[in-house]
Each structure stands twice: as C-alpha cells, then as structure tokens.
Amino acid sequence: ELREELDIEVRRAGRLMYYAAVYPRRTVWLDVWLVQDWSGVPRGLDQQACEWVEPAQLHRHAILAADAPIVAALSLARK
C-alpha cells in the first residue's frame, strides 16, 4: 500500500494500533503501523499533499476526529 501511495518500500515496521472509527452508518477499522525503516523518497503518487510533521506539531494541521487516537499514540511512541 505504501508503495502505491507514497512510492516507498518498507523495510521495518511494527503495528502501532488497530481500532474502529465508528460513524452513524458505518464502522471503519484503522490498522496503523509505525514505519522505522524504508527505501525511497516519500511522495504523493496521486497528487496528494505530503509533509513531514513532528507528532507535537500535528495539532496545527486539520486532523480528522477519527485520527485523534493515532495522534495520541504517536506522541506516546516518541517518548
């Protein structure tokens, strides 16, 4: 998936979390991984914006409510 979206090859990663984002008409399961090593230079292959952001700075960006647990987990993972 990351090769298709960002043009990188993952060498080492571990699951950060797996959880359900519940909406009125559906539930979306999010499988979040922390990538520790990769090859290639990340770039949006579908013309999407791509930016490196430190977890402590994510609050300055438009983050979906369903992604709030990811932001919290990333902050804890960096400590």
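**Group meeting: aromatic pairs, a hairpin and a pocket**

There are 2 aromatic pairs in this structure, which is a predicted model. Let me take one of them, Tyr18 with Trp29. Their rings are stacked, with 5.2 Å from centre to centre and 20° between the planes. Tyr18 sits in strand E1 and Trp29 in strand E2, so this pair ties together parts of the chain that are 11 residues apart in sequence. Is Tyr18 buried, partly exposed or exposed? Its relative accessibility is 48%, so Tyr18 counts as partly exposed, given that exposed starts over 50%.

Now the two strands themselves. E1 covers residues 9-22 and E2 covers 27-39. How do E1 and E2 pair, and over how many bridges? They run in the antiparallel sense, with 12 bridges between them. The connection from E1 to E2 is a hairpin, made through 4 residues. Tyr18 turns up again here: its bridge partner in E2 is Asp31. As a general reminder, side chains in a regular strand alternate between the two faces of the sheet.

Next, the largest pocket. Its space comes to about 1500 Å³. The lining consists of 32 residues, and those nearest the centre are Leu6, Trp33, Glu51, Trp52 and Leu74. What kinds of residue make up that lining? By class, 24 are nonpolar, 7 are charged and 1 is polar.

Which elements contribute to the lining? Helix H1, residues 2-6, and helix H2, residues 68-77, each supply at least two residues, and so do strands E1 and E2. E2 provides the largest share, with 7 residues. So the strand that pairs with E1 also gives the pocket lining its largest share.

Last, two backbone details, both in loops. Asp7 is in the loop between H1 and E1. Although Asp7 is not a glycine, its phi is positive, about 65°. Its relative accessibility is 32%, and Asp7 therefore counts as partly exposed.

The other one is Gln47, in the loop between E2 and H2. Here too the residue is not a glycine, and phi is positive at about 65°. Is Gln47 buried or exposed? Gln47 is exposed, with a relative accessible area of 72%.

To recap: a stacked pair of Tyr18 and Trp29, an antiparallel pairing of E1 and E2, a largest pocket lined by 32 residues, and positive phi values at Asp7 and Gln47.

Note on methods:
Residues numbered from 1 in each chain as written. Predicted model: local features only at pLDDT ≥ 70, side-chain atom pairs only at ≥ 80, totals over all residues. Heavy atoms only, no water. 1 Å grid on protein atoms, 1.4 Å probe; cavity = no way out; pocket = protein on both sides within 12 Å on 5 of 7 lines; lining within 4 Å. Points joined across faces, edges and corners; volume = space filled by probe spheres on them. Nonpolar A, V, L, I, M, F, W, Y, C, P; charged D, E, K, R; others polar. Buried < 20%, exposed > 50% of the residue type's maximum accessible area, 1.4 Å probe, protein only. Pairing = 2+ DSSP bridges. Phe/Tyr/Trp six-rings, centres within 6.5 Å; stacked < 30°, edge-to-face > 60°.
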